[in-house]
Amino acid sequence: MKYDRILIRYGEISTKGRNRKNFIDKLRKSVKRVLHDFPEIKVEGQRDRMFVLLNDQPHEEIIERLKGVFGIQSFSPVLKVEKDLDTMKEKALQLIQKVYQEGDTFKITAKRADKSFALDTFGINQAFGAHILTNMPSISVDVKKPSINLVIEVRKEASYISCENIKGAVGLPAGSSGKGMLMLSGGIDSPVAGYLSMKRGIEVEAVHFYSPPFTSERSKQKVIDLAEKLSRINGGVALHIVPFTEIQQLIQKQIPDNYTMTTTRRLMLRITDALREKYQGLSIITGESLGQVASQTMESMYAINEVVSTPILRPLIMMDKADIIDIAQTIDTHDISIRPFEDCCTVFVPSSPKTKPKLEKVQHFESYTDFEPYIQKAVENTEKLVIMPNSNIEKEMEDLF
Amino acid sequence: MIYLDNSATTQPYKEVIDAFVKVSSTFFGNPSSLHGVGEKAEKLLQQARRQIAQLLKVKEKELLFTSGGTEGNNMAIKGIAKQYQHRGNHLITTTIEHPSVIETMKQLEKDGFEVTYLPVDGDGRISLDDLQVAIKEETILVSVMHVNNEIGTIQPIKAIGTLLKEYPKVFFHVDAVQSVGKVPLELYEFGIDACTMSSHKFHGLKGSGILYLRQGVSLTPLLAGGNQESELRSGTENTGGIVAMAKALRMTNDYFNSSSKLSHLMNEIRIALSEIEDVIIHTPIKETAPHILNFSVKGFKSEVFVHALEENDIYISTTSACSSKHAQASSTLLAMGIKEEIALSAVRVSLSYHTTADEVEKFIHEVKNTIFQLRKVMKA
């Protein structure tokens, strides 16, 4: 059986009032992007639903890809059938037989846009219901909680029949919420924070602090690999690599041991904020989870957050580690994150960082040094990479595979 | 040269050898080394694993690189048997497995394991009923080959996997050395827990292979050492061989997806041979791999026939290459109930995606000719 089109339902978007057009447009772009290698496919965005016209392309593959697109509530493959009652009944039966599993119940939802059609909705319900019940003795009707909802829509040009309702990835369409800078360390949490942000429609640009030779080329590679995984979600991710060695050495020299961590985070935040301004972002995203490490206590956050007024989004703030790990595994970043390379947060960790730093104290310690020129220099020398899906192999290696 | 012994080994693709040479000369670092040279090698390893995982539709961490089929089979069977022996000591396999399975089982029998060897029918296939009867409380592993290397029969792997889902304590190992790139192999869908593959059977190089180990299945390693490959297979990774294998698998997969050439050519051979008097075809028609055909020419020892064809630069095989140096009847054919005297005449042709229609035609011609010539000699 060949499906003709896929019907996409929006869910949350439809409540977005004036923004709706923008949302639908972004969603249409996302859908087109995941299906970019099927040029025959047409995507039609309407006010309250979207159609993917298959034009004979394989629906299985397309269904698989649509499952990962944010902003889709649910979708259904649809059969276009000529408006001949017998043909319609036969096709409807075939559809149900295809998805039927022992014990399933069904109901019929008829919509008749073409009022010239011989049967009204009641008539359609009755005719199709009878046809299915006679041919499938083991199925029964349940109008309240059916396992199969057979939707029959009669329009002017043809009738459309569907009975599968596939759950979408929900969330908001890629990029519909604007841009945010994700502080990507290489650990388990920050990629998850990035993923959840993308799910809410944020266009994520990642920022990584790199301190050679204290951290190796491999720790950088690890972050590139993580960014590559995130790039698969929306088709591409920018990654800013900030040279951080000089600042870290300066901190070690200027700040008392138990406050170096707090100052390090404050400076990272200032640099990230400068990058955000440069690239017109609206927020900073971190993988912080309350109380997880010394820098993520409320006291620490209070002392660190003070350096910026930009909203800091912390998608994981109230989540337990186990739940974060679960997400990391589903988005396939976990195994990259646990590769055992030092990153800039672990190399310079003092033996006993303050878990309850005082804002006045850190301000006081920092007041002896002018960090601003160093921050500007770091921002200027930041390397911007654009990571595309499956791009993590160098050119000279490509032809080996 | 007409090489029709592709079940023994295949000719590596030229591109595969090029990749091996480049990796071995340019990216020769040890993937475990911290410096940049090591990092490049590690990157190659990761990319190879990624590509193979995509082709096999499994997760990257479910793949362990080995030295080939024999190691993979030993590792899976001994490793799972030892790891889970507290659950039971009973293993099930078939009478027609490759020696690297059969002999492993025999070793385990000496270590106190009990092994059931399932019989096969006239087509060389086990029955699900036999399997179900053989499973008991102590059973921890069932090992069944996907495609038999001597006759090409496909075992009902999917049905076995489905049956074994009812026995959550029983692991399912499949020796897929002969099936990769030749018949559909869906590791998840078939319910396979461990699966052995070997690079040189799909135009890669000897000395590299894959053991698929489903996430959640553990095993006791055969080799102690530097804990490479998720701590399950120690030894510096054979980067060149592994990259070459990733390439060979991709290319073979492309052929597999785009060509039904093998079955066409094999069909021609089958039709031609079945018209020759005194030729008995052992490979069943249905549910067999498209690249293997096993047959006997009554009255001629297999060895004689193989050498006679060799004189015309055509290379086929007696039974499996591993055992063909011993002049014994194939145990697979005997297990199928074929008389020893017929089994002693059995030969095997095995095709590759590079086999041409011309080669097949010439082969058929020479088979007829050889039989005609040998007959004259034997009668004289």
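**Exercise 1. Into which domains is chain B divided, and how do they meet?**

In this predicted model, work out the division of chain B and then describe the interface between its parts.

*Solution.* Begin with the bounds: domain 1 of chain B takes in 2-9 + 260-379, while domain 2 of chain B covers 14-255. Next, take the C-alpha centres of domain 1 of chain B and domain 2 of chain B, which lie 28 Å apart. Then turn to the contacts, where 28 residues of domain 1 of chain B touch 27 residues of domain 2 of chain B. Between them the two domains of chain B bury about 2,300 Å², of which 55% is on carbon and sulfur atoms. On the side of domain 1 of chain B, the residues that lose the most area to domain 2 of chain B are B:T332, B:M336 and B:Y353, which together account for 26% of what that side buries. Finally, consider the polar side of this interface: the count of salt bridges between the two domains of chain B is zero, whereas 16 residue pairs are in polar contact across the interface.

**Exercise 2. Is B:K206 buried or exposed, and what does its side chain meet?**

Place B:K206 in chain B, classify it, and list its contacts beyond its sequence neighbours.

*Solution.* First locate B:K206, which sits in the loop between β7 (194-198) and β8 (209-213) of chain B. The relative accessibility of B:K206 is 54%, and because exposed means over 50%, B:K206 counts as exposed. Leaving aside neighbours within four places in sequence, B:K206 is in contact with B:T9 and B:H200. With B:T9 there is a polar contact, side chain to side chain, at 3.3 Å.

**Exercise 3. Which parts of chain A does the salt bridge of A:E153 and A:R49 tie together?**

Compare the setting of this pair with that of B:D193 and B:R214 in chain B.

*Solution.* Start with chain A, where the side chains of A:E153 and A:R49 form a salt bridge with an N to O distance of 3.0 Å. A:E153 belongs to strand β7 (residues 148-154) of chain A and A:R49 to strand β3 (residues 49-53) of chain A, so the pair links parts that are 104 residues apart in sequence. A:E153 is buried at 10% relative accessibility, and A:R49 is likewise buried, at 13%.

Now take chain B, where the closest N and O atoms of the salt bridge between B:D193 and B:R214 are 2.7 Å apart. Here B:D193 lies in the loop between β6 (171-175) and β7 of chain B and B:R214 in the loop between β8 and α7 (228-231) of chain B, so this pair ties together parts that are 21 residues apart in sequence. B:D193 is buried at 8% relative accessibility, whereas B:R214 is partly exposed at 32%.

Notes: Residues numbered from 1 in each chain as written. Chains lettered and ligands numbered in written order. Predicted model: local features only at pLDDT ≥ 70, side-chain atom pairs only at ≥ 80, totals over all residues. Heavy atoms only, no water. Domains from an automatic or database assignment. Contact = heavy atoms within 4.5 Å. Buried area = accessible area lost by both parts, 1.4 Å probe. Salt bridge = Lys/Arg side-chain N within 4 Å of Asp/Glu carboxyl O. Polar contact = N/O pair within 3.5 Å; in protein donor to acceptor, adjacent residues only side chain to side chain. Helix = DSSP H or I, 4+ residues; strand = E, 2+ residues; numbered from the N terminus. Buried < 20%, exposed > 50% of the residue type's maximum accessible area, 1.4 Å probe, protein only.
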